[in-house]
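Work through the exercises below with the sequence and the model open. Each task is followed by a solution in steps.

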Amino acid sequence: MENFKQLYSEKLVSAEKLAERLESGWVIGMDNAASQTPAIMEAFTEKVKNSDLKGIKVHTMLDVYPYEFYASNALDGKINGVSWFSSAGSRKAVNGGYADFIPNYYRDTPKLIRENYDYDAFCVAVSPMDSHGYFSLATTASYSEAMIDKARRIFVEVNENQPRCLCGLQLHVSQVDAIVENNIELPVLPPVKLDDVSITIGNLIAEQIRDGSCIQLGIGAIPDATGMALKSKHDLGIHTEMFTDSMVELLNCGAVNNSKKQIHRGKTVTTFAFGSKRIYDYINDNPSIEILPVDYVNDPDVICKNDNMVSINAAIEVDFWGQVCSESVGTKQISGSGGQIDYVRGACQSKGGQSFIAFTSTAKNGTISKIRPSLATGAVCTTSKNDVDNIVTEYGIAKLRGRSLAERTKQLIAIAHPDFRDELRFEAKKRGILV
Ligand code: COA
């Protein structure tokens, strides 16, 4: 331990001092959410603003801190973001042309990184060093291991509020090039307000889920409402991309015990965790949660090994074919694919598995139907017509898998908002889908 402590103190620097090492043209990597390094990034950005440095790129995903290079185009050409997901934190920059976006299935990101990118530095937030000289990568495994493999330098931001994940990635002090300490509160997701419509949809999905199923829940009000509606179930398991608040609730109330899983029995498996402090407290020193790399966790061939796998995700709109857009409103990009397709496929390959794509029937105060004859011009197809399974709104469930175009169209019109059903029927007849 003495030797580790000495290494630690030799590598300890202030973020400002570390920023003096930054060079023009560097490509920097970070992973997602609470694993990002706000103090290092702020110091790097200040350095860039006050120097001739230029051409720096920062690869990120699911950004939760207010980075200046994503907030405005003032630093364009000097330091720019490159997003692997394009969520709220980077959306404005991606749509404004001063940040770039890399399309991907989330499960492929480690391979894409290993095959296409080299990083001058990988920056990651970690929990304090343990007595063996290891830092826990705490909340996120995701593609971190791939960035570590491809990084010339590793800079860690040690935060005593980071949980220690016993069954997750670890970095040894001998592997890291610099250590910055920053004991801030971890970022949290504002609690989702569950309205009547989300609760109705959550209940409809919960009715379809058998005791003993293994679940994945995506981001947003409807997956959360479904989680809450599952509290009366028994022997559920969790194999998911993102570990969320409603999952902690299900574990605490005993609905989830992971006892019926075919793989990782008795364990909750995820590739990252993000939500409230309750989540971070749950992870801390907990041997029953495994935070593992996304190329394993999100691999459909792994997901499907658990029987009765159920995936629940959100969307922007769906057309008569059942093509699901979850990433853009027309040409305006609002998200990446994330793991939606990984879980749709994994669930459908699983014995007894099912996937649900759920959304409220309308957008913009009831003025737009999310069920449409065709996707909006420029909209991105996330889940294809060949992969789609169940579509859910507050009016019911359309079971599309294995169904013809006419059957799909009829079922989708039946769960569209009543105000739009005539118009949708008219369009279906005009296109020769229905008579
Ligand atoms: N037409 C026009 N606007 C629409 C729309 C439609 N059909 N559907 C949604 N919108 C608008 C909403 O009004 C909202 O606008 P605002 O931000 O100005 O209020 C915005 O698009 C987001 O819609 P919302 O319903 O609030 O979606 P959400 O925040 O619950 O997120 C996804 C939905 C689809 C973007 C999100 O689930 C996602 O990122 N999916 C892809 C990745 C994924 O599924 N990962 C799963 C594993 S975690």
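**Exercise 1.** Which polar atom lies 2.8 Å from the backbone nitrogen of N161?

Solution. The model is predicted: local features need pLDDT of at least 70, side-chain atom pairs count only at pLDDT 80 or more, and totals for chains, interfaces and linings use all residues. Residues are numbered from 1 along each chain as its sequence is written, and side-chain values use heavy atoms, with hydrogens and water left out.

Step 1. Find N159 in the loop between β7 (154-158) and β8 (170-172); strands are DSSP runs (E, at least two residues), numbered from the N terminus.
Step 2. A polar atom of the N159 side chain is 2.8 Å from the backbone nitrogen of N161.
Step 3. The N159 side chain also reaches the backbone oxygen of I184, at 2.8 Å.

**Exercise 2.** Is N159 buried or exposed?

Solution. N159 is buried because its relative accessibility is 4%, and buried means under 20% relative accessible area (1.4 Å probe, protein chains only).

**Exercise 3.** Which atoms of I316, S335 and K364 approach the ligand?

Solution.
Step 1. For I316, a backbone N or O atom is 3.0 Å from a ligand nitrogen.
Step 2. For S335, a polar side-chain atom is 2.8 Å from a ligand oxygen.
Step 3. For K364, an N or O atom of the side chain is 3.5 Å from an oxygen of the ligand.
Step 4. The protein covers 71% of the 970 Å² of accessible area (Shrake-Rupley method, 1.4 Å probe) that the ligand has on its own.

Technical notes: Polar contact = N/O pair within 3.5 Å; in protein donor to acceptor, adjacent residues only side chain to side chain. Buried < 20%, exposed > 50% of the residue type's maximum accessible area, 1.4 Å probe, protein only.
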